[in-house]
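Please open the model in your viewer and keep the selection panel at hand. The tour below goes from one selection to the next and says what is found at each stop.

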Amino acid sequence: MPTRTRFTIWRPLATAAVTLLLAAFLTPATASAAGTARTRESLPRYSYADAVREAVWVDTGLDGDGDGRTDRVAVDIVRPREPAAQGRKVPVIMDASPYYSCCGRGNESQKKTYDADGHVVQMPLFYDNYFVPRGYAVVGVDLAGTNRSDGCVDVGGRSDVLSAKAVVDWLNGRARAYTTRTGTERARATWTDGRTGMIGKSWDGTIANGVAATGVRGLRTIVPISAISSWYDYYFQQGAPLYDSGPEWLSDYVDSPEARARCAAVQQRLVDGAPRTGDLTALWAERDYVKDAAKVRASVFLVHGMQDLNVRTKHLGQWWEALADHGVRRKIWLSQTGHVDPFDFRRAAWVDTLHRWFDHELLGYDNGVDREPMADVERHPDQWVTSATWPPRGTTATTLRPAPGGEAGVGTLGLRRAPGTETFTDDPALDETDWAAHLDRSTPEKAGFLTAPLTRDLRLAGSPSVTVTATPTTATAHLSAVLVDVGPDTIRDYAASGEGITTLTDRTCWGASTPGDSACFKEAAAKTADVGATVVSRGWADLGTSGNPGHGVPLTPGRAYTLTVDLAATDHVVPKGHRLALIVAGTDRDLIDPPADRPTLTLDLARTSARVPLVGGPAAFARATGKHPAAPFAPTGVAEPRTAPRVP
């Protein structure tokens, strides 16, 4: 059956008509000069088929591969031809990625393709198709060590970040570029005004975070999607290993074949600097962008899936809070998906919002996007709400305390401190789904604590934490802390292969096409699951880091240790009739690696608590948790997280 192509128009016809009428009276030069006062939307007035396609190699000033000459990174450019001919300059949308040749970008794994002259034919994703006709240049940067670039991949370090920063510098006249990889003919970016916005999902968005954290001038905005804010927190959480390998595996995964041959020394430095002990080292400090949030000049539009088990929302939470502390202008979208691009879970609204964001940030158009609510949150599949600020005003960290219940391991959760203990034994064969399914029963591998059924909705928004005082029986122990919404719901099936979406066969088109670069992409729809319990937030830690978060030590069996476990950022409403639960357990299978031993841990409940950001604070919790008859308990969750290797 032939593929049916569907074209989508999402702007109100009246608005489009007014804008087109305005365009009829303004030449492109006049419209540009009118700027914020008269132009609300950039229009597709330029030819995509006739766009300039060129490649330059920017000198990074680094010699990552140690060959005695500075590395050059390949920069592929697609830009409208007409503005330069009219003496006008254009802003830049830039995606710096390690994936353009090894793995591809987007839901259809698109790679760059080239013509016989080495000029890009297909630039992955829709950005060039859509934005080049609207007067933007789109730039795809091969990170050092990938595709057509010199150097070596160093997984979020100086080479990764500074190779992309050098391109921003070149766009602003502060760095050198050449027309070939090894030649001496200079290339100058005379066609741009230097105003640059960086965008990208996962590793690409991570580089945007890193470049913004250098404070480079000319970078006006970044749009990091499911991005890392600190590489230590990608591989470990508070000493607990999240993967059974380190950054050297990821470097080898994306290195070009020739880079693998020349980058052995870099690979070894990654091994040596990232010990599997989980200790914080100089390597991790270099790859922590949160500490440099004060340098960020760019505005930030963050997008993240709240059930992303690849780049967990701890990255989102700590970056967002650091940016807020330093007054960075921000916007945020939070979906129910896993590691998924908004183009595949909210396409029309995403293209429209991104268009207006770039128009405002890079062209200076007063289109009102900066006055819209700060946050869009997916409350149910394809059902979105907004918040004027995020977390919402009135959100207060509320201390919830566990108490013993009628049987071992099945306790209550409330506002009052209670004496008592609970004991569990680490079982690496089980995970958070297993624990949530048995919250009403005493099982040896977890301790669970539940509120009464709520009399009204209770909203969590922000980054929770759980402080645990635990006595281990062994010299090593890992802890998991999980918040759960206990009650029936239909959610995006984030544990399935699509992480909350299903890819369809129909295509919709977003911009102009050429024979070598189609603007038409497969549509996607929500993939849902009916559940009896939903994990709201989770976090992990090595109990041996209780005395020093940067260095774990062997535990003394029989001694009590107190540790605060950071949980992932979230925005979730526990509905009336549901219960909020706290689970404390050991290894969360497939999400952290088990410790060397299999400990039994005893919790001191009087010294154990959860700090939960609740809208309305303690008063809202008290109102929602009066006395009620017991509700039937039959939780079922999504499937266990997939065990396939993850890459950011």
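Leaving aside neighbours within four places in sequence, which residues is Trp170 in contact with? In this predicted model, select Trp170 and display its surroundings: the residues in contact with it, beyond those sequence neighbours, are Val56, Val58, Ile77, Ala175, Arg176, Ala177, Ala187, Arg188, Ala189 and Trp191.

Next, widen the selection to the largest nonpolar core, which has 99 residues and in which Trp170 is listed with Met94, Met198, Trp203 and Trp231 as touching the most other members. Helix α5 (residues 158–171) supplies the largest share of this core, namely seven residues. A second core, separate from this one, holds 37 residues, among them Val78, Tyr127, Leu363 and Trp510.

Now show α5 together with helix α6 (residues 203–212); the two pack with their axes 9 Å apart and at an angle of about 70°, which means that α5 runs roughly perpendicular to α6. On the α5 side, select Asp160, Val161, Ala164, Lys165 and Val168, and on the α6 side Trp203, Ile207, Gly210 and Val211, since these residues make the contact. By character, the residues of this contact comprise six nonpolar, one polar and two charged.

For the last stop, move to Arg492 in strand β24 (residues 478–492). Is Arg492 buried or exposed? Its relative accessibility is 1%, so Arg492 counts as buried. Its side chain is joined to that of Asp382 by a polar contact of 3.0 Å, and, not counting residues up to four places away in sequence, Arg492 also touches others including Gln336, Phe345, Glu378, Ile501 and Lys527.

How values were computed. Residues are numbered from 1 along each chain as its sequence is written. This is a predicted model: local features need pLDDT of at least 70, side-chain atom pairs count only at pLDDT 80 or more; totals for chains, interfaces and linings use all residues. Side-chain values use heavy atoms; hydrogens and water are left out. Helices (H or I, at least four residues) and strands (E, at least two) are DSSP runs, numbered from the N terminus. Buried means under 20% relative accessible area, exposed over 50%, partly exposed in between (1.4 Å probe, protein chains only). A polar contact is a pair of N or O atoms within 3.5 Å; within protein, one must be able to donate a hydrogen and the other to accept it, and residues adjacent in sequence count only if both atoms are side-chain atoms. Contact means heavy atoms within 4.5 Å. A nonpolar core is a set of buried Ala, Val, Leu, Ile, Met, Phe, Trp, Tyr and Cys residues joined through side-chain atoms within 4.5 Å. Axes are lines fitted to C-alpha atoms, for helices over the stretch in contact, and angles run from 0 to 180 degrees between N-to-C directions. Angles under 35 degrees count as roughly parallel, over 145 as roughly antiparallel, 65 to 115 as roughly perpendicular and the rest as oblique. Ala, Val, Leu, Ile, Met, Phe, Trp, Tyr, Cys and Pro count as nonpolar, Asp, Glu, Lys and Arg as charged, and the others, Gly among them, as polar.
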